[in-house]
Amino acid sequence: MLFDTNKIIIQELNSLGTENIKVSTLRTDLIHPIISGNKWFKLRFYLEEAKRLKCNTIASFGGAYSNHIVALAAACKLNGFNSVGFIRGEWNDSPSLLEAKALGMQLHFISRDAYKYKEVVMEELANKDWFWINEGGYGINGALGAATILRTKDCSAFTHIICACGTGTMLAGLIIGSNENQLVIGVSVLKNNTGLNDLVTALLPPKKNKIFTTLHDYHFGGYAKHPAELIDYMNQLFKREKLPTDIVYTSKLFYAVENLIQQQYFSDNANILLIHSGGLQGNRSLAPGRLIY
Ligand SMILES: *Cc1c(COP(=O)(O)O)cnc(C)c1O
């Protein structure tokens, strides 16, 4: 695989910490400009399985702005697979779709109504010998891949591991990959994401009944919503820490943790690790100039 996980660093974030609380981030965004962050980790075991099953085409679903679709297109191209993306809605000139297309992904558009029954689409095409990956990479292989995020660096000294959540696959992986004493917390970027805990639990091995927490007050209006307050925060965080974040996931994660620290949510001596899960290419949908990086 052509990703350099050696590029990952742990960056200390002094402006987020306090006298008693240390905050750092694991920069998985540094592994690749397009397949950044958690998407490659979530895909790695699916690709291996497809190879084992001798499938040479990998198909999946996503929206027009999906990081997962772009990452899949790039990962397939780099690994010699054909890729097929079923996109909710109609063609639009989103940077993600343009990129996926440029990477050789075959794109099909399905109406929002048909999308609700996407299993039917899968079944109709099942004879085609394609390897299917769920939307967002949700699944046990995705979680096992995400568990390996914590093996890229020595993360054993951290008391808290915190990430942004969409499908919850990465959160499940971090729960699997963390040690007994570490508290794992997910910050949902979706509004009314009430099924999240069950989706996460469904990916955990039966014996891994570790307690985890999900937080639901930091979605800023819902998935991909990015009010001016969030953009201001992103610029301000970059000025303070030279840390770029994305509008959909990681900005909400860092904002949440700063806010929680201010509310004294964490106990003294907490040593917090935030997973920078990438997604920076999603910022290209913003008008030029809104971000200072
Ligand atoms: C997809 C994505 C997530 C969410 O991962 P899930 O496993 O779906 O919860 C978080 N951060 C970034 C940057 C992503 O692209």
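User: What makes the space taken by the ligand a pocket?
Analyst: The ligand takes up the largest pocket. A pocket is an open set of points on a 1 Å grid over the protein atoms alone, with protein on both sides within 12 Å along at least five of seven lines. This is a predicted model, where local features need pLDDT of at least 70 and side-chain atom pairs count only at pLDDT 80 or more, while totals for chains, interfaces and linings use all residues. Residues are numbered from 1 along each chain as its sequence is written, and side-chain values use heavy atoms, without hydrogens and water.

User: Which residues surround the ligand most closely?
Analyst: The shell has 15 residues, the closest being Lys 39, Lys 42, Gly 166, Thr 167 and Ser 277. A residue is near a molecule if one of its heavy atoms lies within 4 Å of it.

User: What makes the pair between Thr 167 and the ligand a polar contact?
Analyst: A polar contact is a pair of N or O atoms within 3.5 Å. A side-chain N or O atom of Thr 167 is 2.6 Å from an oxygen atom of the ligand, so the pair fits the definition. For Gly 166, a backbone N or O atom lies 2.8 Å from a ligand oxygen atom.

User: Why is the ligand said to lie between domain 1 and domain 2?
Analyst: Domain 1 (5-32 + 147-285) and domain 2 (39-137) both give residues to the shell, so the ligand lies between them. The domain bounds come from an automatic or database domain assignment.

Terms used:
A polar contact is a pair of N or O atoms within 3.5 Å; within protein, one must be able to donate a hydrogen and the other to accept it, and residues adjacent in sequence count only if both atoms are side-chain atoms. On a 1 Å grid over the protein atoms alone, a cavity is a set of points where a 1.4 Å probe fits but cannot get out, and a pocket is an open set with protein on both sides within 12 Å along at least five of seven lines; lining residues have an atom within 4 Å of a point. A molecule sits in a cavity or pocket if more than half of its atoms lie within 2 Å of its grid points.
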